[in-house]
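Here are my notes for your review. Please read them with the coordinates open.

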Amino acid sequence: MGSPVVLGIESSCDETGAGLVRDGRLLGHTVASSMDEHARFGGVVPEIAARAHLHALTPVVRGALADAGLRASDIGAVAVTTGPGLAGALQVGLAGAKGLAYALGVPLYGVHHLAGHVAADTLAHGPLPDPCVVLIVSGGHTSLLLVRDLARDRIVHLGDTVDDAAGECFDKVARVFGLPYPGGPAMDRKAREGDPRAVHFPRPLTAGPPEKRFAFSFSGLKTAAARWAESHRAAGRPLPVADGAAALQEAVADVLTRKAVAACTEHGVGTLVVVGGVAANSRVRTLAEERCAAAGITLRVPPLRLCTDNGAMIAAVGDLLVRAGAAPAPLDVSIDPSAPLEYAALHPVAAGRPVAV
């Protein structure tokens, strides 16, 4: 008999996702987004997100089961994002997951959201090589990681963002440029019409002390783009948005891929995995392909549908934990909205520190 079917639930931000995975294979998944409800505010409103999760959770679980051709009684374990993320949004997902696990009499696993992004690639390309370098790029996180056994080993941080993440930079500059929310996809579309060499934006932390060689900083780049736009408007000149978008995108992609390839080379690792919402950016993907090919590094990037937040990636972590024999979460498992990424399993309790299993 094979491993149990694992239901994964994701509700850390503005997507409500449910996915079903068994033995590393994605059986079905569904995602509902409340993005349109946040657009007029220019960003995610936590209260709106939490309310949207309440309405969407049951339908997405049913949708994932229907997509897989399964019934609730076929579920053998439940995995849920317990951090990081918006507190109210995480609470909705955890409450739903606890209820399902209790009703079905199956174990519950708390999962770190970022580990889910890493595991998403396994659903498309199979098990991760041991070791591999992982570049996580999303709206709130930019990190370079050394990953061995995702279900068992501690995740090593080679470098993290010291201020704004890459996706946050895209969102904030898009607003300055007058582009719609979410800024990342809007910048990507607009950049295709522009010249990336028209504006020279800085490449933060590409030169400096050795201890910062794998760290990221996008706050200064964001400010440089804002000042560039302001100078045009102050002089009464039309803002060449397409050129600005293309140049900014090129700067972000250059920094991300340059550091990621350097990390692989320095640590003797032959595989780079790029995950997270910004992994869907066309220039990031293209430049990563070019630089990995030149360096003899294998590049793995999940398909677009698995780059953004989804329940399948949480189910993938749960499936790995089940097959590794990891202990389920305790009954008093809670959330940790600012949980650091140390292990894939995240079982925090309300009155104490997160417990990594």
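The points below take the sheet, one residue after helix 11, and the two largest pockets in turn.

1. Status. This is a predicted model. Everything that follows should be read as computed from that model.

2. Sheet layout. Five strands form an open sheet. Their order is 3-2-1-4-5, and the pairing is mixed. Strand 3 (25-33) and strand 5 (108-112) are the edges, each pairing on one side only. From one strand to the next, the twist averages 20 degrees.

3. The 2-3 pair. Strand 2 (residues 15-22) runs antiparallel to strand 3, and eight bridges join the two. To place the register, start from Val21: its bridge partner in strand 3 is Leu26.

4. Helix on the sheet. Which strands does helix 3 lie across? Helix 3 (residues 87-104) crosses strand 1 (5-10), strand 4 (75-83) and strand 5. The angle between helix 3 and strand 4 is about 160 degrees.

5. Pro340. This residue sits in the segment after helix 11 (311-323). Is Pro340 buried or exposed? Neither label fits: Pro340 is partly exposed, because its relative accessible area is 47%, and that class lies between under 20% for buried and over 50% for exposed. In sequence, Pro340 and Gly83 are 257 residues apart. In space, their C-alpha atoms are 8.6 Å apart.

6. Largest pocket, size and centre. Its volume is about 1,100 Å³. The lining counts 39 residues. Closest to the centre are Ser138, Gly139, Gly140, Asp171 and Tyr181.

7. Largest pocket, lining. Helix 4 (113-120), helix 6 (166-177) and helix 7 (183-191) supply at least two residues each. Which helix gives the most? Helix 6 does, with six residues. By class, the lining has 16 polar, 13 nonpolar and 10 charged residues.

8. Second largest pocket, size and centre. The volume here is about 320 Å³. This pocket is lined by 17 residues. Pro127, Leu128, Asp149, Leu320 and Arg323 lie nearest its centre.

9. Second largest pocket, lining. Helix 5 (122-125) and helix 11 each contribute at least two residues. Helix 11 has the largest share, four residues. The class count for this lining is eight nonpolar, six charged and three polar residues.

Note on methods:
Residues numbered from 1 in each chain as written. Predicted model: local features only at pLDDT ≥ 70, side-chain atom pairs only at ≥ 80, totals over all residues. Heavy atoms only, no water. Pairing = 2+ DSSP bridges. Axes fitted to C-alpha atoms, helices over the stretch in contact; angles between N-to-C directions. Contact = heavy atoms within 4.5 Å. Buried < 20%, exposed > 50% of the residue type's maximum accessible area, 1.4 Å probe, protein only. 1 Å grid on protein atoms, 1.4 Å probe; cavity = no way out; pocket = protein on both sides within 12 Å on 5 of 7 lines; lining within 4 Å. Points joined across faces, edges and corners; volume = space filled by probe spheres on them. Nonpolar A, V, L, I, M, F, W, Y, C, P; charged D, E, K, R; others polar.
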